[in-house]
Amino acid sequence: MKGLLIKDFKLLKNQKQFFLIIGLITFMFLVTNDSPYFTITYATMMFSMFTMSTISYDEYDNGAAYLFSLPISRKGYVAEKYLFGVLTSFLAWLIVTALDFVFVMVRKLEIEPQELGVVSVVALVVAGMILAISIPLQLKFGAEKSRMAFFAVFALAFVVALVFVKIAEGTSVNFTAILEKLDQASFGSMTAILLLVWALMLGISALISLRVMERKEF
């Protein structure tokens, strides 16, 4: 796994221009926008999506067949992709969140630190959700088809959520009261819940990805 991580970080190093652009866009929004929430989500998501680029590089020109001729297990390959995705998204999230707190204090914006903290954790969970959906899809369908499958999954999730809300409206479930209770929850409790959701999503996704890789032929 160590060799795979070194390989992927070297690929990351070769994308200096891409990440320079992301950094400039993030800095521009920090300076010009009174709401720092977008920058955390944007930077974290963009860095997490680079994991899919490494899979594309691995599969380019039948490269995966050569890769698995080396002493690399399919389980190790899947574990490395999730570890790499978590590391890159977490590092981006940590840096941008710290910068956001600094800019909020320097510009004296009227934003509660707890509110900014919850939004930053939500951004990390969203990045985890993208990883959880994208990695198994890309391993299964490849770079091109996985993009269509990705949007199809989100469209299906939206339809399911809409149907659920419509059904719930006809019941005695009070979503407003539930949301108010969540809003009143402490920062620690909210963070724990969100991180649990994040871990569950990635764990289930990793199991799916492993099944995909075990059945995949090169």
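A cavity here is a set of grid points where a 1.4 Å probe fits but cannot get out.

**Entry 1: cavities.** I am working on a predicted model, and I began with its enclosed spaces. I found two cavities of 30 Å³ or more in the structure. The largest one comes to about 50 Å³ in volume.

**Entry 2: who lines the largest cavity?** I looked up the lining next. Phe 29, Leu 30, Asn 33, Ser 35, Pro 36 and Thr 39 are among the residues there. Further along the chain, Asp 100, Phe 103, Val 104, Arg 107 and Leu 109 belong to the lining too. By class I get six nonpolar, three polar and two charged residues.

Which helix gives the most to this lining? My note says α6, with three residues. Helix α2 (16-32) also appears, since α2 and α6 each supply at least two lining residues.

**Entry 3: α6 again, now with α4.** I followed α6 to another partner. Helix α4 spans residues 50-59 and helix α6 spans residues 74-106. Their axes come within 9 Å and cross at roughly 145 degrees. I logged the crossing as right-handed.

**Entry 4: the residues that meet.** On the α4 side I listed Phe 50, Thr 51, Thr 54, Ile 55 and Asp 58. From α6, they meet Tyr 77, Lys 81, Phe 84, Gly 85 and Thr 88. Sorted by class, this contact has four nonpolar, four polar and two charged residues.

**Entry 5: to keep in mind.** For a friendly reminder to myself, α6 takes part in both stories: α6 meets α4, and α6 gives three residues to the lining of the largest cavity.

Note on methods:
Residues numbered from 1 in each chain as written. Predicted model: local features only at pLDDT ≥ 70, side-chain atom pairs only at ≥ 80, totals over all residues. Heavy atoms only, no water. Axes fitted to C-alpha atoms, helices over the stretch in contact; angles between N-to-C directions. Helix = DSSP H or I, 4+ residues; strand = E, 2+ residues; numbered from the N terminus. Left-handed = near helix turned anticlockwise from the far one by under 90°. Contact = heavy atoms within 4.5 Å. Nonpolar A, V, L, I, M, F, W, Y, C, P; charged D, E, K, R; others polar. 1 Å grid on protein atoms, 1.4 Å probe; cavity = no way out; pocket = protein on both sides within 12 Å on 5 of 7 lines; lining within 4 Å. Points joined across faces, edges and corners; volume = space filled by probe spheres on them.
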